[in-house]
Amino acid sequence: MTPAPSPLWPPGVRDLAFGEGLSLAVDAHAVRLTHATPLRTLSSALVGAGLGQARHFCNFHVDKGYAGRTPRADLLDWLARRGLEGEQSVAMMTAVSPAHLVLATAEAGARSVLAAVTAGVGNAVDITAAVEGDPRPVVGTINIQLFIDGHLDDGALVNAAQSVTEAKGQALHARGVRDPHTGTPATGTSTDCLAIAATQRGAPTPYAGSGTRLGRAIGEVVFRAVTASLAMTEEAR
């Protein structure tokens, strides 16, 4: 079956209607979002991990057979080939095609959110299942880049990560994704990656969970983007 074409394809560079200064570039090898000024970040990516600041957010495409022994060095090399410095970047990788990128946006009062997601579940896993004897491969990843035009303190960034995780789990449940090894509902893949970036404009907030408009907006965009990207990836099999 021919996959549904992404509205973000064919490749190109475009400005995004999100706050000020965020642009998107997509080609066959990577998804790259760039902001005019450094953003406050929280990330699990190998480049730009933890709390920090970054302007460039890259999601590199790798072959399903990728088995690099130095993935962080590979990411830094790929950034350098594009003229980007690791110190100003958050970089992750995936076997999911950039053509299956989905963007979703929502407003939350004075704040707004944008999720950029590539999702595949060939590596789906139930994190509550025992790890012994687990034979699964390491391909198929849900990579989520979440941008927030708002001011979040460090606790709110962690709260936002919790909201993303809850919404991702709900999206997998809605798609009926199961751990192929245990047969139980999947909670993610074993190689999922997350980056959250905030402009730090406006009044600061310590909250971004499900009891707030911001948390609900995060949940909405992540759910929509993950389910839509999964649909494209599954159709392309």
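**Close-ups of a predicted model**

**View 1. Glutamine 200 sits in a loop between two strands.** In this predicted model, the loop holding glutamine 200 runs between strand S12 (193–198) and strand S13 (204–205). Have a look at the backbone here: the phi of glutamine 200 is near 65°, a positive value in a residue other than glycine. Most residues other than glycine have a negative phi. As for its surroundings, glutamine 200 is partly exposed, at 25% relative accessible area.

**View 2. Arginine 201 pairs up with aspartate 149.** Their side chains form a salt bridge, with N and O 3.0 Å apart. The two partners come from distant parts of the chain, 52 residues apart: arginine 201 belongs to the loop between S12 and S13, and aspartate 149 to strand S9 (residues 142–149). Arginine 201 is partly exposed at 35%, while aspartate 149, at 14% relative accessibility, is buried.

**View 3. A salt bridge joins arginine 175 and glutamate 234.** Here the closest N and O atoms are 2.5 Å apart. Arginine 175 is part of helix H2 (residues 154–175) and glutamate 234 is part of helix H3 (residues 213–235), so this pair ties together parts 59 residues apart in sequence. Arginine 175 is partly exposed, with 35% relative accessible area, and glutamate 234 is partly exposed too, at 27%.

**View 4. Aspartate 77 and arginine 81 meet within helix H1.** This salt bridge has its closest N and O atoms 2.8 Å apart. The partners are 4 residues apart in helix H1 (residues 71–81), about one helical turn. Aspartate 77 is partly exposed at 32%, whereas arginine 81 is exposed at 67%. Across the whole structure, a search finds 7 salt bridges.

How values were computed:
Residues are numbered from 1 along each chain as its sequence is written. This is a predicted model: local features need pLDDT of at least 70, side-chain atom pairs count only at pLDDT 80 or more; totals for chains, interfaces and linings use all residues. Side-chain values use heavy atoms; hydrogens and water are left out. Buried means under 20% relative accessible area, exposed over 50%, partly exposed in between (1.4 Å probe, protein chains only). A salt bridge is a side-chain nitrogen of Lys or Arg within 4 Å of a carboxyl oxygen of Asp or Glu.
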